[in-house]
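Work through these exercises with the model open beside the sequence. Each task is followed by a stepwise solution.

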Amino acid sequence: MSAVSIAYIVFILLGLLSFAFLAPQRAVATVYLSGLIFLPVSFYSMIPAEPADAAALPSYLIMTLALPANELVNKAVIAAITALIGALLFDHRRFLHFRPSIIDLPMAGWCLWPTVQSLFIVTEPVGWLSSIYLFVLWGVPWLLGRIYFSERAGRLALADIIVGLTLSLLPIAIIEGASGQRVYEWIFGVHPFADVGAERYLGYRPLAMFEDGNQYGLWVCCAALLAIWRVKTVPSNDEKKWRMVAAVTLCTLAVAAQSIGALLLMGAGIAILQSDRLLRYSSKMAVPALILIGIGLAVYGSGIIPLRSIAKETAVGQLAMDALRATGRSSFAWRISQDQQTLPQIQEYILVGSGQWNWWLELGKRPWGLLLLLVGQFGLIGIFLALCSPIAAMLAQLRNTQFNQEIEAEHNQPKSRQSSTLAFSIIVIITLTDGLLNAFIFLPVTMFAGSLVLNQRFQVSSR
């Protein structure tokens, strides 16, 4: 039996056992998040230097866990299933009181879409199997977020657990950041992305047990943002000191990871949470900002603007490329180039998708962002269903936050900087934005988004 198999079995047993000793809410968050952080990614095997058949390559070489491919047993599946089974065994009554809302419908449609898709095109994996996978990877965290973390106290607990678990990565970060050695490979063997982007401006970017170094960087940045926000939410000065230590430690880990895009997104999120003016206008600007992002994504995905030609054949493009190379960020241009070269293939199946996880294989390259990968496999219908529920939940909560702030202003109450819904909405926005150029996303985002679904619309509260 492999080390990965043993790790998965031990985790399932310990995870279920933890429900006997922890409150269900804390057990759900601890089991799910610890699985995503500490479990080995998948059953990786030795990679042939010159494979005879490129089509036979394992899908983990180029695919993210967020979408179904040929290898369907991985850390995200184990973590979500263990958390769900534990909750059903030890807290089934809570599920009996759950009532779906209209915002849940697109998420249900997204999980079912591969099955519907398979009725009129050939899919790989088969439609029903892809639907089960999407339900486990997307639907289960969404459901658990809806049931256990839809109130302020639940969101605070979820934030605290992810901050605490991420702090435990500090020893690995020190070892890998200084030496470039991979703890993952010491314990579990080969990791296909162990050396991708490892060398940074100073030292190395850690990998820990994550899918990719970019995912590690995004994760610690999100955890750092939550830690900084939690400093503002505690009334006790003694507790605030410990919160500050956690925030400084996680910010140090985030900076040391040297994932520039994630750091910029984290900085923007912190600025919104710390600024009264930005906080006041964040809910008002959410819809226009999402519309602009949608238009930008549509233009980018349509290929109307020939970015590769501009970069190669114009003075402005060459100047921009030289600037990126000077800052060591040439990978940004490379990712855009990869995306642009796959657009004709995407446009061939633009509405319903190709149904194939390796739809880009004939091109010899894939887009580097999750959103284009999703469109290529599941089409515009798929991406609409996948993103509709998280975005709708976020917008409804931001509108509720704005409503509460207006009520506070009418009663001359101080504006709150402590909105858990705003902090979680920022995490959702950061993940969606990062997903434009990264396939390895912040996987708990669907649990965060599910927790934002309003139980009672526009109810004045202390969110």
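**Exercise 1.** At what angle do helix H7 and helix H11 pack, and how far apart are their axes? Classify the pair, then list the contact.

*Solution.* This is a predicted model.
- Step 1: Locate the helices. H7 covers residues 152–167 and H11 covers residues 237–257.
- Step 2: Take the geometry. The packing angle is about 60°, and the axes lie 10 Å apart.
- Step 3: Classify. An angle from 65 to 115 degrees would count as roughly perpendicular, and one under 35 as roughly parallel. H7 and H11 are therefore oblique to each other.
- Step 4: Assign the hand. H7 passes H11 in a left-handed crossing.
- Step 5: List the residues. H7 contributes Asp 160, Val 163, Thr 166 and Leu 167. H11 contributes Arg 243, Ala 246, Thr 249, Leu 250 and Leu 253.
- Step 6: Sort them by class. The contact of H7 with H11 has five nonpolar, two polar and two charged residues.

**Exercise 2.** Repeat the analysis for H1 and H3. What is the angle between them, and what is the hand of their crossing?

*Solution.*
- Step 1: H1 spans residues 3–18, and H3 spans residues 75–90.
- Step 2: The two helices pack at about 25°, with axes 9 Å apart.
- Step 3: Angles under 35 degrees count as roughly parallel. H1 is therefore roughly parallel to H3.
- Step 4: The crossing of H1 and H3 is right-handed.
- Step 5: On the H1 side, the contact is made by Tyr 8, Phe 11, Ile 12, Gly 15 and Leu 16. On the H3 side, the residues are Lys 75, Ile 78, Ala 79, Thr 82, Ile 85, Gly 86 and Phe 90.
- Step 6: By class, the contact of H1 with H3 has eight nonpolar, three polar and one charged.

**Exercise 3.** Where is Leu 156 found, and is Leu 156 buried or exposed? Describe its surroundings.

*Solution.*
- Step 1: Leu 156 is in helix H7.
- Step 2: Its relative accessibility is 16%. The cut-off for buried is under 20%, so Leu 156 counts as buried.
- Step 3: Set aside neighbours within four places in sequence. Leu 156 is then in contact with Trp 229 and Arg 230.
- Step 4: Compare sequence with space. Leu 156 and Thr 233 are 77 residues apart in sequence, and their C-alpha atoms are 9.1 Å apart.

**Exercise 4.** Inspect the backbone in three loops. Which residues does a cis peptide bond join, and what is phi at Ala 208 and at Gln 258?

*Solution.*
- Step 1: Recall the background. Most residues other than glycine have a negative phi, and most peptide bonds are trans.
- Step 2: The cis bond joins Glu 124 and Pro 125, with omega about 0°. Pro 125 sits in the loop between H5 (104–117) and H6 (127–148).
- Step 3: Ala 208 has a positive phi, near 55°. Ala 208 lies in the loop between H9 (183–188) and H10 (213–231). Ala 208 counts as buried because its relative accessibility is 1%.
- Step 4: Gln 258 also has a positive phi, near 60°. Gln 258 lies in the loop between H11 and H12 (260–274). Gln 258 counts as buried because its relative accessibility is 9%.

**Exercise 5.** What is the mean pLDDT of the protein, and how many contacts beyond four places in sequence does the model have for residues 51–55?

*Solution.*
- Step 1: The mean pLDDT is 83, and 78% of the residues reach 70 or more.
- Step 2: Over residues 51–55, pLDDT stays under 50, and the model has three such contacts.
- Step 3: Over residues 456–463, pLDDT stays under 50, and the model has 24 contacts beyond four places in sequence.

How values were computed. Residues numbered from 1 in each chain as written. Predicted model: local features only at pLDDT ≥ 70, side-chain atom pairs only at ≥ 80, totals over all residues. Heavy atoms only, no water. Axes fitted to C-alpha atoms, helices over the stretch in contact; angles between N-to-C directions. Helix = DSSP H or I, 4+ residues; strand = E, 2+ residues; numbered from the N terminus. Parallel < 35°, antiparallel > 145°, perpendicular 65-115°, else oblique. Left-handed = near helix turned anticlockwise from the far one by under 90°. Contact = heavy atoms within 4.5 Å. Nonpolar A, V, L, I, M, F, W, Y, C, P; charged D, E, K, R; others polar. pLDDT = per-residue confidence, 0-100. Buried < 20%, exposed > 50% of the residue type's maximum accessible area, 1.4 Å probe, protein only.
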